[in-house]
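Reader: I want a close look at the spaces and binding sites in this model. What sits where, and what surrounds it?

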Amino acid sequence: MMTNNKFVLNWIDEMAAMTKPDKIVWIDGSDAQAEALRAEACSTGEMFKLNEELLPNCYLHRTAVNDVARVEGRTYICTEKQEDAGNINNWMAPAEMKEKLFKLYRGSMKGRTMYVIPYSMGVVGSDFAKYGIELTDSIYVVLNMLIMTRVGTNVLEALGDSPDYIKGLHARADIDEENRYITHFPETNEIMSVNSGYGGNVLLGKKCFALRIASFLGRKEGWMAEHMLILGVEYPNGDIKYICAAFPSACGKTNLAMLIPPAIYREKGYKVWCVGDDIAWLRINPEDGKLYAVNPENGFFGVAPGTNEKSNPNALHTCMRDTIFTNVVHNTKDNTVWWEGLDNNPPQPGYAIDWKGNPWDCTKYDKKDKSTCGAHPNSRFTALAKNCPCISSEFNSLKGVPISAIVFGGRRAKTAPLVYQSTSWQNGTFVGSIMASETTAAAAGAVGVVRRDPMAMRPFVGYNMGDYWAHWLEMGKRIPNAPKIFHVNWFRTDDEGHFIWPGFGDNLRVLDWILARCEDKVEADLTAIGYVPKAEDINIEGLEDVTLDTIKELVSIDKASWIDDIANIKEFYALVGDRVPAELYDELSALEARLKA
Ligand code: GTP
Ligand code: SPV
Ligand code: MN
């Protein structure tokens, strides 16, 4: 035992009495303990140790075939009143849900070990930090949490005798899809997850705590928890300006957060620094009235497929050591890993094991048939932030970084232009509320279907979406020097379905315009949807396939498709229900009027 905190000890006793583990092990954050757990996981086949020379301290893990992504349909917000969870979340009354869960938990850890993980989201002891304890019967979860969060005895010291921590209980049970539940009790600071062993379902510090529970706390306490990357653009004169960007799952946050500037920018001395790739906690700094952001995580749980030396060299270098790979291809020739889009050298038949653990024949791979993939489309790497070549020197900052711009974005083949700027915080909140994106493999279900995903938070708001929007509006009134709000779309396609914009590193060209707008250094055209760049103001120097006409096309607004979209937005607002703020309905009517004028 590493604490005398009776709130902690009593809770662990209760959970152990229910789940009946053979033993309880406290995770202290030491290397020695982590190393022993890695060895144990390798001895049982839960993980495979990879080539120590090529991939030092790296491991491979395969999840169950039915357990490869977040399960939004089985994710619940359990508030006493249904309207406090709202219509976008699944809801069940806390007592009813607990009764159901307790049956699944009862005796589920018999013959197993329960690990107690004390962890912090944010730097231990900082004003931003919040503490949690996760109980789990999975070594894989322990080892991932050791990378993704700050774990150890110092968390318990910082917590002291306080009851103020988030209780998380995870049991693998039978990995039974039909009885899989990811549940949140924001009114009592509890998270309970059962019958999964996959990432976002079981690393309870991440989506469950740092977004769903934290968004609830943020509303109560006057701050914000958002599905946002945080990056700094360093100018040749040494100034660094920070941007937060909210894109839905698998829509480019990790890639943007670690981007390498195009040659013409690099030569001038531009640099980009990564503060975070998935989650931002935002608070108003009373000293300068600006919004400040911290990344509460300690590592990256990044999408593997598509990550390569050209698209994201920084991510690739980050995951060359101290990394856990989940559901990628095992190259048995040199005991390394591979995934679609890494390079043109897949391991040959006889030397390749796919994500399901079966021999894989790369010659049978058919891009259009996902069942022929070697790596699962949502396969991931868990890697330490400190191993990232472009990690910001502010990564461990206690007060966070001041945010100049908030950027929303999604995957839209049509409709959304490359970039536009909202006309005010209220209008920007509206722009966030009407975000839409094509679904990806990050969540179970169909891929490529356009759905509304406000602020990229549809699966992650721990309360009523209408109240969440009201909180955004309220925050805007309280921030004296608020960031400007923009919307981007890297995914516009031509008639053949090819991406028109080169994306990745070249996205800096768009960030450059955004930051110039924040400092009133560039004009823009006011359109029905907001400010759009003059085509000549997007720097295309050094780009081969992009001309001024391409930019004109990319920033053009197809009024007909926007007008079509209005009906869908109205339906979505109606679904969110009676807590949609009147200001957003005003914005919607005004947009419709401008489009039809
Ligand atoms: P989560 O970790 O699920 O929250 O996702 P993320 O937003 O961090 O997504 P990530 O950066 O891992 O992007 C995943 C997918 O988007 C990959 O298939 C990338 O290749 C693709 N992608 C990222 N940036 C761009 C871009 O600028 N253009 C295009 N065309 N694709 C991109
Ligand atoms: C996402 O789906 O947005 C992720 C991965 O970042 S997970 O942690 O599984 O939620
Ligand atoms: Mn995410």
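Author: A cavity is a set of points on a 1 Å grid, over the protein atoms alone, where a 1.4 Å probe fits but cannot get out; a pocket is an open set with protein on both sides within 12 Å along at least five of seven lines; lining residues have an atom within 4 Å of a point. Points join across faces, edges and corners, and a volume is the space filled by probe spheres set on them. The model is predicted: local features need pLDDT of at least 70, side-chain atom pairs need 80 or more, and totals for chains, interfaces and linings use all residues. Residues count from 1 along each chain, chains are lettered from A and ligands numbered from 1 as written, and side-chain values use heavy atoms, without hydrogens or water.

Start with the cavities. The count is 3 cavities of 30 Å³ or more. The largest cavity holds about 100 Å³ of space. Its lining has 13 residues, and R412, Y420, I434, H487 and W562 lie nearest the centre. Helix 16 (residues 559–576; a DSSP run of H or I, at least four residues) gives the largest share of that lining, 3 residues. By class, this lining has 8 nonpolar, 2 polar and 3 charged residues (Asp, Glu, Lys and Arg are charged; Ala, Val, Leu, Ile, Met, Phe, Trp, Tyr, Cys and Pro nonpolar; the others, with Gly, polar).

The second largest cavity has about 70 Å³ of space. It is lined by 14 residues, with V123, V294, N295, F395 and S397 closest to its centre. The split is 7 nonpolar, 5 polar and 2 charged. Domain 1 (6–45 + 71–221) and domain 2 (226–295 + 395–596) each supply at least three residues of this lining (bounds from an automatic or database assignment).

Now an open space. The second largest pocket has a volume of about 510 Å³. It has 23 lining residues; D31, L146, I147, L384 and K386 are the closest to its centre. Helix 2 (31–44), helix 5 (139–148) and strand 8 (150–151) each contribute at least two of them (a strand is a DSSP run of E, at least two residues). The lining counts 11 nonpolar, 7 polar and 5 charged residues. Domain 1 and domain 3 (300–387) both contribute to it, so this pocket lies between them.

Next, ligand 1. It has 20 residues around it, and A250, K253, T254, R380 and F504 come nearest (near means a heavy atom within 4 Å). Helix 9 (253–257) and strand 18 (299–303) each supply at least two residues of the shell. Helix 9 gives the most, with 3. The shell divides into 9 nonpolar, 7 polar and 4 charged residues. Domains 2 and 3 both give residues to this shell, so ligand 1 lies between them. Several polar contacts stand out (N or O pairs within 3.5 Å). A polar backbone atom of G252 lies 3.1 Å from an oxygen of ligand 1. For the side chain of T254 the distance is 2.8 Å. A polar side-chain atom of N255 is also 2.8 Å from a ligand 1 oxygen. Alone, ligand 1 exposes 670 Å², and the protein buries 90% of that (Shrake-Rupley, 1.4 Å probe).

Last, ligand 2. Its surrounding residues include Y198, K206, S249, D278, R380 and F460. The shell has 4 nonpolar, 3 polar and 5 charged residues. Domain 1 and domain 2 each give at least three of them. A polar side-chain atom of R70 is 2.9 Å from a ligand 2 oxygen. For K207 the side-chain distance is 2.5 Å. For H227 it is 3.3 Å. Alone, ligand 2 exposes 280 Å², of which the protein buries 98%.

Conventions: Polar contact = N/O pair within 3.5 Å; in protein donor to acceptor, adjacent residues only side chain to side chain.
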